[in-house]
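Reader: I'd like to learn how to read a few features off a model. Could you walk me through some?

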Amino acid sequence: AASTCTAVVFLTPSRIDVRVPNLGTPDPELATDILSGLLDNMGIAMMETREDRFLSALQPFVTIADTSEVAAELRRGLSVSLPSGALASTEMVDAITLEDISTIKGGARLLARWDAYVSGGHWGHEHRRVVAYRALLDVAEDRGAWKLSGLTILESRTPTDTPDPETNS
């Protein structure tokens, strides 16, 4: 009997099912964290005025294959010109609202809104604005991290109910 049991154990193919986590579509909490990190990184990258440095600043959070398309949309959709003609820099991002999460090939698409507090100065005069954005952000897993693989700015506007109209220009 012992020989039979031993033979059955060794001759029976063994299989252990191991559940490998599938990144799939992130839950709302994770998606909001991903979005917050991406927005912080975008604000930092947008401060670069030289194109080579701008592209280098995108590397940590944008997929390599999509860098040129994302870079063009960042410059087009997130650049805020001040009355002096200078570009504003983002001081803070607030009111991040995730409207929808959907699965796309290779990752997820996030539909989101946020407010960016931007500023810039010239001749000792500081200009400040709050700019409300709405955008589609495609994110993909890349070597264990979520990265931006696509971006479409749907709306960029200055809300009429800004906190301090005297400093808003």
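Reader: Which ring does the charged end of Arg75 sit over?

Author: Keep in mind that this is a predicted model. Here the ring is that of Phe54, and the charged end of Arg75 is 3.7 Å from its centre.

Reader: And ring against ring, how many aromatic pairs does the count come to?

Author: The general idea first: a pair of aromatic rings is described by the distance of the centres and the angle of the planes. In this structure the count comes to one aromatic pair.

Reader: On to the largest nonpolar core. Which residues touch the most other members?

Author: Met42, Leu74, Trp114 and Leu137 do, out of 35 residues in that core. Two or more residues come from each of α2 (28-45), α3 (51-58), α4 (67-78), β2 (107-122), β3 (125-142) and β4 (145-157). With seven residues, α2 gives the most.

Reader: What is Leu137 in contact with, leaving aside neighbours within four places in sequence?

Author: Its partners include Leu35, Met42, Trp114, Leu148 and Leu151, and Arg109 is one of them too.

Reader: Now Lys147 in strand β4: buried or exposed?

Author: Buried is under 20% relative accessibility. Lys147 has 10%, so it counts as buried. Not counting residues up to four places away in sequence, Lys147 touches Gln59, Pro60, Phe61, Val62 and Thr63, and also Asp138, Val139, Ala140 and Asp142.

Reader: Why does Thr158 count as partly exposed?

Author: Because its relative accessibility is 41%, and partly exposed is what falls between 20% and 50%. Thr158 lies in the segment after β4. Its C-alpha is 9.8 Å from that of Ala116, though the two are 42 residues apart in sequence.

Conventions
Residues numbered from 1 in each chain as written. Predicted model: local features only at pLDDT ≥ 70, side-chain atom pairs only at ≥ 80, totals over all residues. Heavy atoms only, no water. Core = buried A, V, L, I, M, F, W, Y, C linked by side-chain atoms within 4.5 Å. Buried < 20%, exposed > 50% of the residue type's maximum accessible area, 1.4 Å probe, protein only. Helix = DSSP H or I, 4+ residues; strand = E, 2+ residues; numbered from the N terminus. Contact = heavy atoms within 4.5 Å. Phe/Tyr/Trp six-rings, centres within 6.5 Å; stacked < 30°, edge-to-face > 60°. Lys NZ or Arg CZ within 6 Å of the ring centre and 35° of its normal.
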